[in-house]
Amino acid sequence: MNKIIKIILLLAFLVPLEKVIADEKIKIGLLVPLTGKDSEIGQSIVKSTRLAINKINNPTIEIIPKDTGSDPITTLRSAKELSKLGIKIVIGPVFNKNLVYLDELKDITFLSLTNKYHDSKNVINAGINATSQLEAIKKFIKINEIKKTIFLTPDVNYINEIDKAISNSKIKIIENYIYSTDPTKLTDQIEKITNYQRRKQNLEDEIYRLEKSNENNKELLIDRLKKRDTLGNINFDSLIIADFDESLKSVTTSLLYTDVSPKEIYFITLNQWFDESLLKETSSQPLYFPSINKKNYEDFSIEYFEKFNQYPNQLSFLSFDLIGLIYYLILQNNFVVDEKIFTKKTLFKGKVGVFEIKNNKIIHILNFYKVENEEFKKIF
């Protein structure tokens, strides 16, 4: 029985009250920025958790928000206030820097909303981290029988996260190339990765050879070659670009310049949260990426807008699901709130997608999409 994986739909939030046996309030802490420059993010998260509480429709559940002020000292002070109230589970904080001092509160489990790994026993990374994304990419690679994959990682502050994710996911790659995001250096680096100069020289050499040859159809062959930019194969059939926004577009543009086309090579990237600017980048399509469930995200955004007359942020969507996840795990643990509830292997299906919980870790089992013909198409 221990091997049976339990799955619950988000709609199962609506547990009949007669089945709920609890003598006191189930208190869930919320550590978010309620003041300062990031207060809009925090307020949106508070609203989404209230939506989730309404869905659960159980008066024993209570959310207690506290301000982090986007500051680690304020975060610790607020966390201590939650601890004094007997709270054992806290959603937040939002930013990785605010986790610095929270290992002092070993009796609290923090479900951090950041997607960056934090090495602390009482912090569970609940964001959509790189490991979750690479697991989905690995599934896509297997389905399409892709054999030779390279990784392109920008030299930025999340480079260590990518290294850990590659190791954790055990995804098979030929090489992980680190590149500079400086546009003056990028194209030269991509040229080296794709062996562009050699392939360009191959083309010139072949044209020269034909011109000196006595082949009957050499004019036709030469004419065809002159329409090309390079000649010769590259040593990979897919590439994963761990980048976003304009920097991602700079990489794909450099690849196109070096005669590497998404029509011949799989262009794969990380979760883009359905960035609509990618729809206009037709020369870089198809572009593949893992992500949350698009339809559920859109439905949630509509519901949120109807309630609050504004659109939610991405962390609001995740926070909504975390309320349901915590409630479900508490039910499974007979209303005992302790550190053990995140140790048993469990699957929970929320709006984001499927959460896999095991050994104080959360892995998101993501969907997979491609950008093609100016639309997002779901693959699995």
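Which helix gives the most to the lining of the second largest pocket? The answer is α4, with four residues. The structure shown above is a predicted model, and a tour of its pockets, cavities and surface puts that helix in context.

The largest pocket is a good place to start, with a volume of about 790 Å³. Its lining consists of 28 residues, and those closest to the centre of this pocket are Thr 114, Asn 115, Ile 128, Trp 273 and Gln 314. Three helices, α3 (130-143), α4 (159-169) and α10 (314-332), each contribute at least two residues to the lining of the largest pocket. The largest share comes from α10, which supplies three residues. Sorted by class, the lining of the largest pocket holds 13 nonpolar, 11 polar and four charged residues.

The second largest pocket encloses about 560 Å³ of space. Here 25 residues form the lining, and Tyr 117, Asn 168, Lys 361, Ile 362 and Ile 363 are the closest to the centre of the pocket. Both helices and strands take part: α3 and α4, together with β5 (123-125), β12 (354-358) and β13 (361-365), each provide at least two residues of this lining. As for its make-up, the lining of the second largest pocket has seven nonpolar, nine polar and nine charged residues. Helices α3 and α4 thus appear in the account of the largest pocket and again in that of the second largest pocket.

Turning from pockets to cavities, the model contains two cavities of 30 Å³ or more. The largest cavity has a volume of about 50 Å³. Around this cavity lie Leu 248, Lys 249, Thr 252, Leu 278, Glu 281, Ser 284, Gln 285 and Leu 287. Helix α8 (residues 245-257) gives the most to the lining of the largest cavity, namely three residues. By class, this lining is made up of three nonpolar, three polar and two charged residues.

The surface offers one more feature for the reader to find. Ile 73, Val 100 and Tyr 101 form a nonpolar patch there, and together they have about 250 Å² of accessible area. One member of this patch, Ile 73, sits in helix α2 (residues 72-84). Is Ile 73 buried, partly exposed or exposed? Ile 73 counts as partly exposed because its relative accessibility is 45%, and the partly exposed class lies between the buried limit of 20% and the exposed limit of 50%.

Technical notes
Residues numbered from 1 in each chain as written. Predicted model: local features only at pLDDT ≥ 70, side-chain atom pairs only at ≥ 80, totals over all residues. Heavy atoms only, no water. Patch = residues over 30% accessible without salt bridge, like charges linked within 9 Å, V, L, I, M, F, W, Y side chains within 5 Å. Areas by Shrake-Rupley, 256 points an atom, 1.4 Å probe, with all protein chains shown as cover. Salt bridge = Lys/Arg side-chain N within 4 Å of Asp/Glu carboxyl O. Buried < 20%, exposed > 50% of the residue type's maximum accessible area, 1.4 Å probe, protein only. 1 Å grid on protein atoms, 1.4 Å probe; cavity = no way out; pocket = protein on both sides within 12 Å on 5 of 7 lines; lining within 4 Å. Points joined across faces, edges and corners; volume = space filled by probe spheres on them. Nonpolar A, V, L, I, M, F, W, Y, C, P; charged D, E, K, R; others polar.
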